Amino acid sequence: MNETRDKMPELLAPAGDLACGIAALKNGADAVYAGLGSFNARQRAENFNIEDMSRLIAFAHKEDKKVYLALNTLIKENELVDIFKILREVTILGPDAIIVQDIGLARMIREYFPSLTIHASTQMGLHNSAGIAFARDLGIKRVILERQITLDELRMIAQKSKGVELEVFV
């Protein structure tokens, strides 16, 4: 790994559709996050179908960039079968991580799709080191902290949050 690059912040941009995702990656974003259908918090965006998500991931990986798939809504009981089918399909596509809000979905991914990397969405409401430790125990690699975290709080959390990447909004 490139030590300088590993210490640099990752520039992450939203991608509402394929054209936006490719444009962001071509113009400096290190990674994009994008939704698939109705299981993401970006309901106003056009969002992706499986085919366009496949194209975006292929483009990103060719450019040594990343795509994080946002499945960051609360999953209702009657949606469990549908989300399982979606996970089965996207596992083949190879997104760099799945961003989740629902802890049941995190458990499902860990149990049935262990090759997928999990990021905890800001909607999961994690804002202290105890929450980060819980996320780590769930197999979550990165936590997207709540927007209200101050720089001083971030420093304290980071000191106690070994083994989990922290992401903040800037």
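# Reading an alternating helix–strand chain

Mentor: Read along the sequence, this chain runs α-β-α-β-α-β-α-β-α-β-α-β-α-β. The model is predicted.

Trainee: How many helices and strands does the secondary structure of the chain come to?

Mentor: Seven helices and seven strands.

Trainee: What does the radius of gyration say about how compact the chain is?

Mentor: Set the value against the globule rule for that length. Here the radius of gyration is 16 Å, and the rule gives 15 Å for 170 residues. The two are close, so the chain is as compact as a globular protein of that length. Along its principal axes, the C-alpha trace spans about 40 × 40 × 30 Å.

Trainee: What share of the residues in the chain is buried?

Mentor: Buried residues make up 44% of the 170. Look at contacts too. Take those between residues at least 6 apart in sequence: 54% of them join residues at least 24 apart.

Trainee: Now the sheet. In what order do the strands stand, and is the sheet open or closed?

Mentor: The sheet is open, and its seven strands follow the order E1-E2-E3-E4-E5-E6-E7. The pairing is parallel.

Trainee: Which strands stand at the edges?

Mentor: Count partners. E1 (12–14) and E7 (165–167) each have a single partner strand, so one side of each is left without a neighbour in the sheet. Then check the twist. Neighbouring strands are turned by 30 degrees against each other on average, direction ignored.

Trainee: How many bridges join E2 to E3?

Mentor: Five bridges join E2 (residues 31–35) to E3 (residues 66–71), and the two strands run parallel. For one pairing, start at Val32: its bridge partner in E3 is Val67.

Trainee: Which strands does helix H5 lie across?

Mentor: H5 (residues 103–112) lies across E3, E4 (97–100) and E5 (118–120). Its direction is at about 155 degrees to E4.

Trainee: Which residue in H5 should I look at, and is Met108 buried or exposed?

Mentor: Take Met108, which lies in H5. The cut-off for buried is under 20% relative accessible area. Met108 has 12%, so it is buried. Leaving out residues up to four places away in sequence, Met108 touches Leu80, Ile83, Phe84, Leu87 and Phe113. For a distance across the model, compare Met108 with Met156. They are 48 residues apart along the chain, and their C-alpha atoms are separated by 31 Å.

Trainee: How many aromatic pairs does a search of the whole structure find?

Mentor: Two. For each, read the centre distance and the angle between planes. Planes over 60 degrees apart count as edge-to-face. The rings of Phe84 and Tyr112 have centres 5.5 Å apart and planes at 80 degrees, so this pair is edge-to-face. The pair links distant parts of the chain: Phe84 is in H4 (residues 80–93) and Tyr112 in H5, 28 residues apart.

Trainee: What about the rings of Phe84 and Phe113?

Mentor: Their centres are 5.0 Å apart and their planes at 55 degrees, so that pair is tilted. This pair also links distant parts of the chain, with Phe113 in the loop between H5 and E5, 29 residues from Phe84 in H4. Together, ring pairs link Phe84, Tyr112 and Phe113 into a cluster.

Trainee: Is Phe113 buried or exposed?

Mentor: Phe113 is buried, at 7% relative accessibility. Phe84 is partly exposed at 25%. Tyr112 is partly exposed too, at 48%.

Trainee: Where does the charged end of Arg147 sit?

Mentor: Over the ring of Phe169, 3.9 Å from its centre. Now bring in Thr122, in the loop between E5 and H6 (129–137). Thr122 is buried, with a relative accessible area of 11%. Residues up to four places away in sequence aside, Thr122 touches Ile144, Leu145, Glu146, Arg147 and Phe169. Both members of the charge–ring pair are on that list.

Trainee: Last, backbone angles. Is phi of Asp64 positive or negative?

Mentor: The general idea comes before the case. Most residues other than glycine have a negative phi. Phi of Asp64 is near 60 degrees, a positive value. Asp64 is in the loop between H3 (50–62) and E3. With a relative accessible area of 54%, Asp64 is exposed.

Conventions. Residues numbered from 1 in each chain as written. Predicted model: local features only at pLDDT ≥ 70, side-chain atom pairs only at ≥ 80, totals over all residues. Heavy atoms only, no water. Pairing = 2+ DSSP bridges. Helix = DSSP H or I, 4+ residues; strand = E, 2+ residues; numbered from the N terminus. Axes fitted to C-alpha atoms, helices over the stretch in contact; angles between N-to-C directions. Contact = heavy atoms within 4.5 Å. Phe/Tyr/Trp six-rings, centres within 6.5 Å; stacked < 30°, edge-to-face > 60°. Buried < 20%, exposed > 50% of the residue type's maximum accessible area, 1.4 Å probe, protein only. Lys NZ or Arg CZ within 6 Å of the ring centre and 35° of its normal. Rg over C-alpha atoms; globule rule 2.2 N^0.38 Å.
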